[in-house]
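These are my notes from a first pass through the coordinates. I wanted to follow the contacts of a single residue outward and see where they led.

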Amino acid sequence: MNSLFHRLANIGTDWLKALKTDGYVILDNVVEPHFAQSMLCELKPLRCHSHVHNNNDNTYLIEKSNVWECELHMYKELQDICPDLTRFLNDKSLCNIFNDSKFFPYSFTHHTLKLLYSENGGCFPLHFDSDYRIDHRRITAILYLNEHLNDNNNDNDDDESESGGELKLYPITRPCIKIPAKFNRMVLFSSTLMLHSTSPTHYPRYALNLWLHCDKSKSNISIDTNQYQTHWWNNPEKVKCMAKYMYHKEWRDSILRAHQPTDNKVQTLLKSHDRDLQVSLHKLKPWINEVFAHAHHIQNGGVDNTPIIPWFSL
Ligand SMILES: O=C(O)CCC(=O)C(=O)O
Ligand SMILES: [Fe+2]
């Protein structure tokens with residue numbers, strides 16, 4: 001069977017280098033357009049028949065209003081009626097590209113696939129996908145399937161577009177990046193350290209979220225704790241604290257935006273957000289002047305490439 005990601009195998013390694021250095025990369029036209037189209041055709045009726053549902057029985061996905069999520073690997077009965085989405089789920093070629101490149105200190109075993117649909121202001125609050133202490137996801141790869149978005153939906157517009165639905169990345173060395181969810185575009189980023197959110201969508205928004213899982217027993221990771229004492233950015237935990245501090249206002253607002261005001265989870269989420277912010281500031285204490293200066297610089301639109309962020313070190 002041909003690789004579904006054949007284009008990635010033929011575009012050299014610059015994109016892998018960019019992902020490793022910047023923590024994210026944007027790739028257009030990654031799968032055969034007719035295959036992307038056919039996955040979209042399978043996805044649309046699923047959401048109409050409510051198969052793509054809010055996973056409110058699953059603690060690991062927090063329910064958000066107007067966002068439908070379904071982890072396809074958990075629903076065998078859906079796999080039988082969605083052959084192309086199931087082929088996308090079972091395809092190993094993306095993992096193989098990463099494993100063969102040896103650019104990353106992981107051995108990827110497989111990916112899982114979450115189907116996503118949002119509408120009517122649906123959005124994701126700021127979050128990290130994976131907590132390295134409890135799960136094995138290391139790279140997020142989201143394929144967007146929104147045909148009506150075209151080149152008028154320019155990348156990196158300063159203002160939120162009218163259609164909304166952008167993926168927003170917060171890489172802490174530069175201001176937020178807004179990425180329109182265009183058809184057959186894939187955005188890859190660090191599951192553990194890339195803070196991200198989505199802006200409220202004003203169109204029916206379709207996406208396929210792949211998570212690459214690593215085999216922890218085979219990972220080639222060494223943590224030098226002495227080195228971690230030197231700079232905050234050498235320590236992945238501190239990078240997360242920094243992101244929390246830099247974007248805490250936006251984070252708080254995004255929690256309110258993603259849930260109905262009547263949802264009683266909101267107060268709990270806000271409380272835990274406020275507590276995490278205090279903990280983060282405490283952990284950053286040894287570097288506090290440096291941290292404030294860095295945050296101030298980025299918040300004023302600056303870029304600071306001095307910190308080499310260990311995006312894929314855990
Ligand atoms: O749909 C997107 O662009 C992002 C989705 C996301 O962040 C998630 O599923 O964790
Ligand atoms: Fe996410």
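**Starting from L208**

I looked up the contacts of L208 and found that, leaving out residues up to four places away in sequence, L208 touches M39, F88, L113, L115, I142, L143 and L145. I note here that the model is a predicted one, and that local features were read only where pLDDT is at least 70.

I then asked which residues of the largest nonpolar core touch the most other members. In this core of 74 residues they are I142, L145, A207, L208, L212 and M242. When I sorted the core by element, β9 turned out to supply the largest share, with seven residues. Both domain 1 (6–218) and domain 2 (229–299) contribute residues to the core, so I place the core between them.

**Domains**

I next checked how the chain is divided, and the assignment gives domain 1 as 6–218 and domain 2 as 229–299. Taken over C-alpha atoms, the centres of domain 1 and domain 2 are 24 Å apart. Across the boundary I recorded 16 residues of domain 1 in contact with 16 residues of domain 2. On the side of domain 1 that touches domain 2, I listed 11 nonpolar, three polar and two charged residues.

**Around ligand 1**

I asked which residues surround ligand 1. The shell consists of K114, L116, F124, D129, I142, L167, H196, T198, A207 and N209. The elements giving two or more residues to this shell are β3 (108–118), β8 (195–198) and β9 (205–214). By class, I sorted the shell into five nonpolar, three polar and two charged residues. I142 and A207 drew my attention in particular, since I had met both among the core residues that touch the most other members, and both appear again around ligand 1.

**Strand β5 and its partners**

L167, from the shell around ligand 1, led me to strand β5 (residues 167–170), where L167 and L169 point one way while K168 and Y170 point the other way. I had wanted to know whether these side chains are buried or exposed, and all of them are buried.

Following the pairing of β5, I found it joined by three bridges to strand β6 (residues 177–179), the two running antiparallel, with K168 bridged to K178 of β6. The hairpin of β5 and β6 has six residues between the strands, and in it I172 takes a positive phi near 60°. I also followed β5 to β8, with which it pairs in the antiparallel sense over four bridges, and there I noted L195 of β8 as the bridge partner of Y170.

Notes
Residues are numbered from 1 along each chain as its sequence is written. Chains are lettered from A and ligands numbered from 1 in the order in which they are written. This is a predicted model: local features need pLDDT of at least 70, side-chain atom pairs count only at pLDDT 80 or more; totals for chains, interfaces and linings use all residues. Domain bounds come from an automatic or database domain assignment. Two residues are in contact if their C-beta atoms, placed from the backbone, lie within 7 Å. Ala, Val, Leu, Ile, Met, Phe, Trp, Tyr, Cys and Pro count as nonpolar, Asp, Glu, Lys and Arg as charged, and the others, Gly among them, as polar. A residue is near a molecule or strand if its C-beta atom, placed from the backbone, lies within 6 Å of it. A residue is buried if 20 or more other C-beta atoms lie within 10 Å of its own, exposed if 12 or fewer, and partly exposed in between; C-beta atoms are placed from the backbone. Two strands pair if DSSP finds at least two bridges between them. A nonpolar core is a set of buried Ala, Val, Leu, Ile, Met, Phe, Trp, Tyr and Cys residues joined through C-beta atoms within 7 Å.
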